[in-house]
Amino acid sequence: MPSQLWPYITPGIPDELFEHLPGIPFSQREVRLLLISQLRLKPDSVLWDIGAGTGTIPVEVGLLCPSAQIIAVERDEEVANLIKRNCDRFEVNNVEVIEGNAPECLHDLKVSPHRVCIEGGRPIQDILQAVWHYLPSSGRVVATAANLEGLYAISQSFSQLRAVNIEVVQSAVNRLETRGFSQTFAAVDPIFILSGEKLD
């Protein structure tokens, strides 16, 4: 459902349209598109976004699936308020922001997820273990890793949890930028995007 700020039905909101806070990470547009495609959302999916940061995924999914229910989990109060402000900017009203530490706060969430997006959290293996408990059969998890340690931790967790239909994608995005009098391509930091499904 389009908003005045983004009057299109396709995802891919430019990064500069979101409100940012210094030092708070956010999924850049091209990576965000890859991540959303891996979620394989249905119109009425319940999505948990853990480590929601700036709120780019909740906003994009909220606009794309207005009948979906999105729960954004963020441990920092200031960042949680940033997510709310970005939802307001884009007139998204199907996002609930929960301030809390995962995995401890997950038992307080009132509705179980069909899809889970994990964009942060140092105890990534603990978060994956906890999330798996709430997922129904055929539920799907998409997690991102910015380094080899994170990639290994998520891969190991998927193996222990006996996840099926595992996919791993590494982004390789270059953007045209103007530097002085010339235009050049600048690389966006590569991210690993891992996805897997619960068998039973």
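Me: Is R162 buried or exposed, judged by its relative accessibility?

Reply: R162 has a relative accessibility of 69%, where buried means under 20% relative accessible area, exposed over 50% and partly exposed in between, with a 1.4 Å probe and protein chains only. This is a predicted model, in which local features need pLDDT of at least 70 and side-chain atom pairs count only at pLDDT 80 or more, while totals for chains, interfaces and linings use all residues. Residues are numbered from 1 along each chain as its sequence is written, and side-chain values use heavy atoms, with hydrogens and water left out. At 69%, R162 therefore counts as exposed.

Me: Where does R162 lie, and what is its phi?

Reply: R162 belongs to the loop between helix 5 and strand 6 (164–170), with helices (H or I, at least four residues) and strands (E, at least two) taken as DSSP runs numbered from the N terminus. Although R162 is not a glycine, its phi is positive, at about 60°.

Me: Which residue of strand 6 has a positive phi without being a glycine, and what is its relative accessible area?

Reply: The residue is N165, whose phi is near 55° although it is a residue other than glycine, and N165 is found in strand 6. N165 is partly exposed, because its relative accessible area is 48%.

Me: What is the omega of the peptide bond from A102 to P103?

Reply: P103 is found in the loop between strand 3 (95–99) and strand 4. The bond that leads from A102 to P103 is cis, its omega being near 10°.

Me: At what angle do helix 1 and helix 2 pack, and which term describes it?

Reply: Helix 1 (residues 29–39) and helix 2 (residues 56–64) have axes 11 Å apart and pack at an angle of about 60°, where axes are lines fitted to C-alpha atoms, for helices over the stretch in contact, and angles run from 0 to 180 degrees between N-to-C directions. Angles under 35 degrees count as roughly parallel, over 145 as roughly antiparallel, 65 to 115 as roughly perpendicular and the rest as oblique. At about 60°, helix 1 is therefore oblique to helix 2.

Me: Which residues of helix 2 are met by residues of helix 1?

Reply: Contact means heavy atoms within 4.5 Å. From helix 1, R32, L35 and I36 take part, and in helix 2 they meet T56, I57, E60, V61 and L64.

Me: How many residues of helix 2 are buried?

Reply: Helix 2 is mostly covered, and its buried residues include T56, I57, P58 and V59. What covers the buried residues of helix 2 includes helix 1, strand 1, strand 2, helix 3 (77–89) and strand 3. Of the nine residues in helix 2, the number buried is eight.

Me: Which element gives the largest share of the largest nonpolar core?

Reply: A nonpolar core is a set of buried Ala, Val, Leu, Ile, Met, Phe, Trp, Tyr and Cys residues joined through side-chain atoms within 4.5 Å. The largest has 30 residues, of which I50, L106, I118 and V141 touch the most other members. Among the elements that each supply at least two residues of this core are strand 5 (140–145), helix 5 (148–160) and helix 4 (124–134). The largest share, six residues, comes from helix 4.

Me: Which residues does S157 touch, not counting those up to four places away in sequence?

Reply: S157 lies in helix 5 and is buried, because its relative accessible area is 0%. With residues up to four places away in sequence not counted, S157 touches Q125 and L128.
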